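Below are some comments on the helix packing and the aromatic contacts, set out as numbered points for you to follow with the model open.

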Amino acid sequence: IPALCQGCPSQFAEYLAYCRSLKFEAKPNIAYLRGMFRDLFRSQGYTNNNSSLDWDWNRIDTGTGADGRDRVAAPPGDMGGYGGDVGVDKGRY
């Protein structure tokens with residue numbers, strides 16, 4: 001893990017060590033892991049200005065429209081990059 005994460009923030013090594021320590025039947029503490037990376041994100045000076053988090057893989061392909069153009073929709077519960085923390089369930093923190 002140290003060699004793999006060399007040059008990366010310590011949270012990556014912590015994440016891998018945490019995952020590696022889980023027993024097969026154990027349930028990971030997702031809130032802890034997401035919070036750790038959210039805190040890292042913010043500590044590095046990044047902000048959620050929505051457009052920076054609107055990646056094409058966050059969308060669901062809905063096929064081709066009548067005009068021949070591909071149609072893409074935001075996943076259920078997502079505002080398509082327009083508001084809040086994209087993909088973050090604030091009720092869990």
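1. Please keep in mind throughout that this is a predicted model. My remarks concern helix α1, which covers residues 10–21, and helix α2, which covers residues 30–43.

2. On the helix pair, α1 and α2 pack at an angle of about 170°, and their axes lie 11 Å apart. Because an angle over 145 degrees counts as roughly antiparallel, α1 is roughly antiparallel to α2.

3. As to the residues that form this contact, α1 contributes Gln11, Phe12, Glu14, Tyr15 and Tyr18, which meet Tyr32, Leu33, Met36, Phe37 and Leu40 of α2. Sorted by class, the contact between α1 and α2 consists of 8 nonpolar residues, 1 polar residue and 1 charged residue.

4. Turning to the aromatic rings, a search of the whole structure gives 4 aromatic pairs. One of them joins Tyr15 and Phe37, whose ring centres are 5.6 Å apart and whose planes stand at 70°, so this pair is edge-to-face. The pair links distant parts of the chain, since Tyr15 belongs to α1 and Phe37 to α2, with their positions 22 residues apart in the numbering.

5. The Tyr15 and Phe37 rings are also part of a cluster, in which ring pairs link them with Phe12. Phe12, Tyr15 and Phe37 are likewise among the residues through which α1 and α2 meet.

6. Are the two partners of the edge-to-face pair buried or exposed? Tyr15 counts as partly exposed, at 31% relative accessibility, and Phe37, at 25% relative accessibility, counts as partly exposed as well.

Definitions and conventions
Residues are numbered from 1 along each chain as its sequence is written. This is a predicted model: local features need pLDDT of at least 70, side-chain atom pairs count only at pLDDT 80 or more; totals for chains, interfaces and linings use all residues. Side-chain values use heavy atoms; hydrogens and water are left out. Rings of Phe, Tyr and Trp (its six-membered ring) pair if their centres lie within 6.5 Å; planes under 30 degrees apart count as stacked, over 60 as edge-to-face and the rest as tilted. Helices (H or I, at least four residues) and strands (E, at least two) are DSSP runs, numbered from the N terminus. Buried means under 20% relative accessible area, exposed over 50%, partly exposed in between (1.4 Å probe, protein chains only). Axes are lines fitted to C-alpha atoms, for helices over the stretch in contact, and angles run from 0 to 180 degrees between N-to-C directions. Angles under 35 degrees count as roughly parallel, over 145 as roughly antiparallel, 65 to 115 as roughly perpendicular and the rest as oblique. Contact means heavy atoms within 4.5 Å. Ala, Val, Leu, Ile, Met, Phe, Trp, Tyr, Cys and Pro count as nonpolar, Asp, Glu, Lys and Arg as charged, and the others, Gly among them, as polar.
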